Each structure stands twice: as structure tokens, then as C-alpha cells.
Amino acid sequence: MVFDVVVAGAGPVGLVLAAELRLGGVSVLVLERDPDRVNPLKQGSMGARGLNLPSVFAFHRRGLLPAVRSAALMWAGDEPPPAAGGGAGESEEDEFLGGGFIGHFSGIPIRIDRVDWADPDLASNGLGGGVIAQQDLLDILLARARELGVEIRFDVSVTGFAEEGGEVRVEAGGSQVSARWLVGCDGGRSTVRRLAGFDFPGTAPEMVGRAAIVDLDDPAQLSTGDWVESERGSYVVGGWQEGPSPRVHTVEYGGGEVDRSAPVTVEEMQASLRRVSGTDVAITKMHLGTRYTDNTRQASTYRKGRVLIAGDAAHVHSPAGAQGLNLGLGDAMNLGWKLAAVARKLAPESLVDTYTAERHPIGAGVQLWSSAQSALGRRDERTAALRSVVEDLLDTTAGATYVVKRIFGVGQRYAPPGDLPFVGALAPDLDLTDGSKLSDHGRSGEALVLGPVPVSEGWEGRVVSLVSRDHPEVGALVRPDGYVAWASASPSPGELDAALTRWLGRP
Ligand SMILES: Cc1cc2nc3c(=O)[nH]c(=O)nc-3n(C[C@H](O)[C@H](O)[C@H](O)COP(=O)(O)OP(=O)(O)OC[C@H]3O[C@@H](n4cnc5c(N)ncnc54)[C@H](O)[C@@H]3O)c2cc1C
């Protein structure tokens, strides 16, 4: 059998992409290197990942938000978060929000009560945002992908491939599978990226973070709770970690050039903990350890022939700022429907090229954002001076609101505003004449056409026609990923047909 698409990697990005491809009507095989097992580093607070607005909207549009919310470690709700000190301090959520903080910039906390929640971009959210353990998110995405008919093979690494005669022959687990397209969603050290010869320019790491679940000989030597800062770096012990063995997490600057493929040893973790804590605490046992850096790189194109890359395979940066997962989910939502239409030969291959054109600038913006935070984390005197100025700025309404909007991914868009201000942006959740909301539609990956102009014959099943309650005269095309592709205050059938053909291919 020749699959339409083989996806390397069943991380969050690979699973979302596979589900989107199935919604687009193509056959998908996912190959995952790891056995189907639970990874404690991705569980609980250890694996906590913040979700931004585009991610929350994507889950909402596909009907996954209730599951995501119920598994979330905390959720800031549909209302503006409570003012500082408002939480009861009983649950993790109360502890987080009650502490009065909504996020951070390079470790500088942003106070909830400094943010202007009436800012139009924040006030129009309506869905909230939160933090979820990566393992819980993976469980939800895995169930969803299987439900949609994605075939997933665990314990199978992609080790090579060759493109020939309009197909890609993929070497994996000692055998071969054929596909029309291969997408590498195989993480920051992507085999697909390397073998396909994608370039990966960027800046070398300066910072190393290490996290581990350990037993300590004398835990009383360390402070628990908040991050503890020192000249060499910082550390935190415990936090929200469940179980008898604490989680220790260290961050050090000025030593980024480590062998990132080598496993973290007890000796390495202990040495790091001793350096940042200034103690001689000993680790008697390490149950699990991981390491990350602020290595910042981005492929200059996300496509080479029939091979594409998405998520960490296409871009890596420091986890400061909680953006990597969100960025990758955005890649998957952008690529899925396009690649499905091209694989089904409904749309020309040029549609897939809009994937790099739209996602690369978003990735570059996130890289700047995370690099700025890395730079501000340096331990020299000049950076300390700059940091104190930034601290003052973040204590202002304008500063805190700006940073929170960036963290939430507000304003990420694919085109300059057209005739109407929302072209290129996520479609607002409009009320419709039939009493439903825009987000009640398109669950199966259809595009949405708004307005008085009827859709020509031939688009059935791929397009749903709707009318806005408050602006019935406005015509718009909302793509399957929820972004507005075209809009007009006085739409004509010719304009609508042109927009449909441009974005969805032939009827
Ligand atoms: C400490 C930390 C905190 C973070 N916090 C946040 C946060 O709050 N918010 C946020 O948005 N992001 C956060 N991130 C980043 C986020 O975790 C990543 O960006 C995200 O996991 C990337 O997803 P992915 O699917 O692209 O890659 P991965 O999650 O790395 O998945 C890749 C998959 O591919 C598999 N694979 C690898 N090689 C092969 C192969 N050859 N063949 C087959 N399969 C293969 C791997 O086993 C893995 O399952 C954080 C990261 C770290 C380290």
C-alpha cells in the first residue's frame, strides 16, 4: 500500500497533523520511535505546557476543548483572571492565580493586576487559556487520531528515505513503507530534517536547563517553592510535583555547549545542583533526567520536494516563554488541510508552499521573543542593569499587557489586513442567523463561507454556508484552520469563486 502521507513522530505536532490530514480525507501512517509508554517527564507539573490562544482556538474548533480543559493543571477561565491575592490557595489553580501572577518574561513575573484585561485583543478571547501536562495532551491527541482512523506504529524509527517517481520510500524499523509525502514531526534533533538536507541556521546555546526526579541525601539544604537565584544560575525544588521523590530543575548560563544527545547522568545533575545552590547536597538516586538549552535555530524552508518538516523539527529555541508546542500546533493546523488537498490532487502543489510562507515568519517572531528572554537571563552586570529597567516596565499596565498579549499569541496573522480588518487573522466567533456560533461549524475540517452569496455547485462536503447575524451583508471565507482567507463588504459570486479556488483548489 502507498500511504498518502507518512508522519515521522507521534509527539503533539505529529498527532495533530495526522488528525488534520484524516479530516482532509487522506490515508496517514504515523511512525514513532518510542514504545507506547508513559513518560514521567511529560506528566504532572514536570511536563507542564502553557497553551496560547491560537492553540486553544484550534482545540475549540475541533471539539477537543472540554477534554483539554478537564485535563488542565490550571485554567484561567473565560473571564479575566482574578486580581492579585484573590485565590484561596487550596488547589494548584488557586495557588497559581492567587499568587497574583499570569506568566513571566525571562523569569520576571507579570502581575495579573497590572494587565489591562479590557484591551480588545484580550477581552475578545472568551475561551481562556491554561497549562496542561504534555502526557495528558498526548493521550487526548492519540485517542482523537485513532478515532479518525490514523494508523500509528510505535517502537519504529525512521532511519532513511529516498524520493523516487513521485513517491517517498521510507526506511523504518528494518522495513520500507511508501508514501506520496513524508512529514518530519520528529522533534528538535529531527532525523528527517538532517537526511533531507534542510539547513538549520541560528545561534549556539548559552544556557542549559536540567530537570530530574531524584532522591536527595539531605533535602533540607535546599529551599523549596519558588525559584532560587544565584550568581551561577537558578534552581527550584518540588513545586507541583507529585510522588515522594522531588523534582529538581536547574538553569545555568555560560555553558550551553553540551552534548545534547548524551543522557543526563547523576553526576552531571548533582554537579549542576551544587553549583547553583552553593551546597554540597548529594543525589542518592536519579529516577529520570532531561536537559534542554536555548539553542535557537530555524530551517529556512519547511519543504524540500515531497518532504516537509513541522514543529520542533523545523524550529528550536529556549522553552522560556512557553511557545514551542504552540508554534508546532500552529504548523500542524496550517499544513494539514493544505497537504490533504494537494495529496488528493484537488489543489496545486503551490498551496503547500504557502505553509512555509505563512509559518516561517511566525516562527521567526517566536524565536526573537525567546532569544530576548535568553539574553536578559545572562549573569553579567550590564544585563542586570537592563533587567532592572525591564522589571520596572513590566510593572506598568502597558508593559504587562504587551507581554501577556505576546505570551497568549494575540495578533499572530498570515496577511496584512485586507478590505476588512480580520483578513489573515483567526475568525472571530460570530453569532449566526440560525442561532449557532461560527465555532460550532467546521468540526470536520470544512471551510466556512459567510454571507449572502450562494456557493457554486461542486463544493459540497468541503464548504459550509453560513450567515452572520450582525453583518449578514459581509462575505468571508474561513479556511479549515480557522483563519480568514478572504472577506468583502460587498461580495460578488466571482470574488467568492476566486477565493475558493485559490485556497481549496478546484471544486
Ligand atoms: C522544559 C520544557 C518546558 C516547555 N514548556 C512549554 C510550554 O509551556 N509551552 C509550549 O508551547 N512549549 C513548551 N515547551 C516546548 C514543547 O515541549 C515542544 O516544542 C513540543 O514538545 C514540540 O512538539 P513536537 O511534536 O514538534 O516534538 P516532540 O514533542 O519532541 O515529539 C517528537 C516525537 O518524534 C519522535 N521521534 C524522534 N525521532 C524519530 C524518528 N527518527 N522516527 C520516528 N519518531 C521519532 C520522538 O520520540 C517524539 O515522540 C517546553 C519544552 C521544555 C523542554
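Begin by selecting Thr 191 and the ligand: a nitrogen atom of the ligand has a polar side-chain atom of Thr 191 at 3.3 Å. The model on display is a predicted one.

Keep the ligand in view and add Arg 49, whose side chain places an N or O atom 2.7 Å from an oxygen atom of the ligand. Then add Asn 326; here a backbone N or O atom lies 3.0 Å from an oxygen atom of the ligand. On its own the ligand has 1000 Å² of accessible area, and the protein covers 85% of this.

Next, extend the selection to the whole shell. The ligand is surrounded by 28 residues, and the closest are Glu 32, Arg 49, Gly 50, Asp 312 and Leu 325. Colouring the shell by residue class will show eleven nonpolar, eleven polar and six charged residues. To see where shell residues come from, highlight α1 (12–23), β3 (48–50) and α9 (324–343), each of which supplies at least two of them.

From α9, step back to Gln 323, which lies in the loop between β21 (315–316) and α9. Is Gln 323 buried or exposed? Its relative accessible area is 4%, under the 20% limit, and Gln 323 is therefore buried. Apart from residues up to four places away in sequence, Gln 323 touches Asn 52, His 317, Val 366, Trp 369, Arg 406 and Ile 407. Select Ile 407 from this group: its backbone oxygen lies 3.5 Å from a polar atom of the Gln 323 side chain.

Ile 407 leads to helix α12 (residues 397–407), where it is one of the buried residues. The others are Gly 399, Ala 400, Thr 401, Val 403, Val 404 and Lys 405. Which elements should be displayed to see what covers them? The cover includes β5 (101–105), β6 (108–111), α5 (120–123), α10 (350–376) and α11 (381–394). Just after α12, select Gly 409, which takes a positive phi of about 75 degrees.

Now turn to strand β1 (residues 2–8). Six of its seven residues are buried, so the strand is largely enclosed by the rest of the structure. Two pairings of β1 can be followed in turn. With strand β11 (residues 175–184), β1 pairs in the parallel sense over six bridges; Phe 3 stands opposite Ala 179 in β11. With strand β2 (residues 28–31), β1 also runs parallel, and four bridges join them. Select Val 6 here to find its bridge partner in β2, Leu 29.

The next stop is an open sheet of five strands, in the order β14-β15-β16-β13-β17, with antiparallel pairing. Its edge strands are β14 (228–229) and β17 (283–293), each of which pairs on one side only. How many bridges join β13 (residues 207–216) to β17? There are nine, and these two strands run antiparallel. Selecting Ala 211 shows Thr 290 of β17 standing opposite.

Finish at Glu 268, in helix α8 (residues 266–277). Why does Glu 268 count as buried? Its relative accessibility is 18%, and buried means under 20%, so Glu 268 falls within the limit. Display Arg 210, Pro 263 and Arg 291 to see its contacts, leaving aside neighbours within four places in sequence.

Note on methods. Residues numbered from 1 in each chain as written. Predicted model: local features only at pLDDT ≥ 70, side-chain atom pairs only at ≥ 80, totals over all residues. Heavy atoms only, no water. Near = heavy atom within 4 Å. Polar contact = N/O pair within 3.5 Å; in protein donor to acceptor, adjacent residues only side chain to side chain. Areas by Shrake-Rupley, 256 points an atom, 1.4 Å probe, with all protein chains shown as cover. Nonpolar A, V, L, I, M, F, W, Y, C, P; charged D, E, K, R; others polar. Buried < 20%, exposed > 50% of the residue type's maximum accessible area, 1.4 Å probe, protein only. Contact = heavy atoms within 4.5 Å. Pairing = 2+ DSSP bridges.
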